[in-house]
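Please open the model in the viewer and follow the selections below in order. Each stop states what to select and what is found there.

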Amino acid sequence: MLANEEVAIGRSAVASSGPAFHALAKSERDGERATMKAWEDFVSGSRQENLPVRDVVIRSWARCQSFLVDARADAAPVVGADHVEALRRENRELLQAAATTMAEAADLLAGTRTVMLITDANGVVLEAAGDRATLSAARDISLGCGGHWSESCAGTNGIGTALASKTPVLVQAAEHYCAGIKGWSCAGAPIHDPLDGSVVGLLDISGLKQGFSAQALALAVVAARQVEWNLARQTEAEHVRLLEACLEDSQKYAGEGLIALDARGRLLYASRKAAHLLKASLGSDLPQLSRGTKLPIVGIAGTVAGNPADGQLPVPADWVRPLMLDGERRGTLLVIPRAAACRLPSGRRTASDETDHARSRFGGIVGASDSLRVVIGQGERLAPLPVPILIEGETGVGKELFARAIHGHSAVAGGPFIPFNCGAVSREMLGSELFGYVRGAFTGAAAEGRTGRFELADGGTLCLDEVGELPLDLQPYLLRVLEEGVLYRIGDSTPRRVSVRLLAMTNRNLRHEVAAGRFRRDLYHRLAVTALRVPPLRERQGDVLRLIAHFNDLLADRHGRDPVRFTAAALERLHRYDWPGNVRELRNLVERAVLLSTGGMVDVGDLPEELRDGCGGVDAEGWPLPGPPMPMQMPASPGLPAISPPAMSLTVTEQRTIEDVIAATGGNLSDAAAVLGISRSTLYRKLSQHGIRREAIGKGVGAARA
């Protein structure tokens with residue numbers, strides 16, 4: 001009876017408010033239909049002006065169209081589990097600051113058909129909480145951990161559009177750009193760094209459009225401010241602990257300049273002497289040493305990868321000391337010796353590296369073997385010709401040395417030489433790096449836009465390394481620029497004419513890549529008008545000893561040390577080793593000897609394990625030779641008998657090198673990647689490939705393998 005009375009009361013209430021309720025519902029339906037009609041006109045191209053849509057939405061649609069986002073998509077792309085775990089490690093301070101808020105959301109949003117998400121600064125979801133049924137439904141559109149919701153990946157949405165506009169944004173149902181996401185509504189609020197105000201992440205509240213309240217935007221903003229407050233308290237507490245660690249260490253460095261930096265390279269402390277010594281050593285372009293300033297130190301975690309020409313400060317490695325908290329590196333201490341001002345210039349190179357004529361001539365390539373001289377001769381004949389050149393060779397053979405020499409002997413030698421590694425940036429960023437972008441082109445874009453590598457190389461040479469890494473969908477754009485000399489920045493419709501000499505480098509066999517469908521045939525023939533193959537070190541008879549002598553003097557001078565001496569037994573091992581890492585591997589070995597040798601003498605016991613074991617020998621594809629190696633007689637070099645190289649696994653060499661570098665950098669993968677000369681994403685891939693666990697480095701090679 002009571003239930004019937006309640007039903008009657010409910011019906012009476014609906015009847016009494018019926019007209020207003022139905023009017024509101026009808027207004028919402030009419031608004032959604034109008035938005036859908038505007039979206040259909042926009043994506044079809046039939047009408048793109050004066051649409052009945054909010055400005056923030058129409059601007060986002062325009063960006064999505066410039067990104068070539070598929071308007072028919074029904075979900076965001078998902079990054080791999082390993083990548084998500086790496087991003088969670090990189091953003092652990094953000095996740096710690098958001099932990100309380102997310103825990104409250106799990107209870108607060110239960111039964112509300114909404115969820116709360118935390119993303120990184122690029123829109124990748126790191127954490128999700130809220131109504132369980134909605135979390136399950138959200139997985140259908142990749143609205144969970146690993147979903148990549150930047151506008152360039154998933155079109156207009158609360159996450160990507162808030163990151164692009166750097167302001168809180170509400171995106172309702174039909175306002176989404178991708179058709180399959182229009183059943184959802186979302187509200188996103190950026191999370192800012194407490195010191196410099198940069199966007200470090202985003203808090204989003206999402207739900208199915210039925211019943212989703214616009215008040216979710218206010219809740220998202222309040223929750224994001226709570227995360228920022230927690231982040232500020234965490235940062236301040238960590239900085240206090242780092243300063244305490246710095247003061248403890250300062251007693252060991254009396255009379256020397258000290259600079260303490262946090263994990264992102266921001267200044268915490270600088271002694272009076274440090275500013276004087278640093279300015280005397282590095283020049284007048286030193287940034288103001290005030291707390292919170294980000295010092296662009298090469299090799300310090302949190303700095304952008306680059307070189308001194310990009311505005312970074314190339315401090316010597318022996319200045320750098322890690323600041324440890326709870327057994328982990330959380331900052332950096334720069335110890336600047338009193339003699340720095342007079343010692344550094346002889347070994348230091350700044351922007352002159354890119355214009356040093358010694359680096360842009362064939363005479364600067366060390367070696368006198370017949371195989372090398374043949375290639376140098378070919379390069380000298382091809383350099384003056386205005387045609388692209390494909391430079392092929394294994395990793396570490398010195399392809400960029402040939403590229404620089406070709407530039408220095410070309411008709412555009414007076415123009416810029418712009419090197420770019422196609423494998424060092426993510427697939428999503430390749431287009432913007434090569435062709436540039438205009439203001440607001442995508443999430444995270446610089447406010448003033450950016451000039452691409454092609455424009456930077458105008459009137460000179462563009463050198464594309466690892467050109468085989470170019471994704472298929474980007475290759476037609478590169479081909480068009482090469483054939484027409486015209487490019488379009490991302491997000492722009494204005495053509496820009498460029499005149500560039502292109503040199504491409506690869507360690508792959510592009511003919512095999514073409515046959516396998518991974519590289520366009522027309523682009524291959526455009527790049528390989530002429531080609532050079534730089535020989536591997538094992539084919540350069542007699543050059544090993546010449547290179548050892550060259551690197552010994554060069555690196556000893558750079559590090560302010562005396563050259564080392566190799567015993568006859570050590571030289572014999574070096575001479576008959578197959579050098580799967582080629583000249584780069586040899587250079588690294590000599591540098592290690594210069595830095596670590598005791599008494600200035602290097603014997604067999606001081607060499608890496610693979611050389612002590614007498615290993616060597618790989619087949620044409622880089623795989624270890626089975627069983628005992630077949631002897632291959634090599635002509636004797638001065639002072640050494642003819643020697644036969646034995647077998648060595650390139651895979652094992654790479655694995656041990658990665659393990660050694662990670663151990664030497666205290667487990668800091670940013671520093672390790674910089675030392676190895678690869679991107680951090682490539683290093684993560686190598687760790688997974690070899691089964692290496694960072695936390696086990698230092699406990700033995702066996703422990704480091706998963």
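Begin by selecting the helix pair α18 and α20: α18 passes α20 in a right-handed crossing, the term for a near helix turned clockwise from the far one by less than a right angle, anticlockwise being left-handed. Helices (H or I, at least four residues) and strands (E, at least two) are DSSP runs, numbered from the N terminus. This is a predicted model, in which local features need pLDDT of at least 70 and side-chain atom pairs count only at pLDDT 80 or more, while totals for chains, interfaces and linings use all residues. Residues are numbered from 1 along each chain as its sequence is written, and side-chain values use heavy atoms, with hydrogens and water left out.

Helix α18 spans residues 543–558 and α20 spans residues 582–596; their axes come within 9 Å and cross at roughly 50°. Axes are lines fitted to C-alpha atoms, for helices over the stretch in contact, with angles from 0 to 180 degrees between N-to-C directions. The crossing therefore makes α18 oblique to α20 (under 35 degrees is roughly parallel, over 145 roughly antiparallel, 65 to 115 roughly perpendicular, and the rest oblique).

Next, display the side chains between these helices. From α18, Val544, Leu547, Ile548, Phe551, Asn552, Leu555, Ala556 and Arg558 meet Val583, Leu586, Arg587, Val590, Glu591 and Val594 of α20; contact means heavy atoms within 4.5 Å. By class, ten of the residues are nonpolar, one is polar and three are charged (Ala, Val, Leu, Ile, Met, Phe, Trp, Tyr, Cys and Pro are nonpolar, Asp, Glu, Lys and Arg charged, and the others, Gly among them, polar).

Move now to the largest nonpolar core, which has 33 residues; Trp61, Leu143, Trp149, Ile159 and Tyr177 touch the most other members. Such a core is a set of buried Ala, Val, Leu, Ile, Met, Phe, Trp, Tyr and Cys residues joined through side-chain atoms within 4.5 Å. Buried means under 20% relative accessible area, exposed over 50%, and partly exposed in between (1.4 Å probe, protein chains only). The largest share of this core, five residues, comes from α2.

Select Trp61 itself. Leaving aside neighbours within four places in sequence, its contacts include Trp39, Phe42, Val53 and Tyr177.

Finally, select Leu87, in helix α3 (residues 81–90). Leu87 is buried, with a relative accessible area of 8%. Beyond four places in sequence, Leu87 is in contact with Asp120, Val124 and Leu126. The C-alpha atoms of Leu87 and Leu126 are separated by 7.6 Å, with the two residues 39 apart along the chain.
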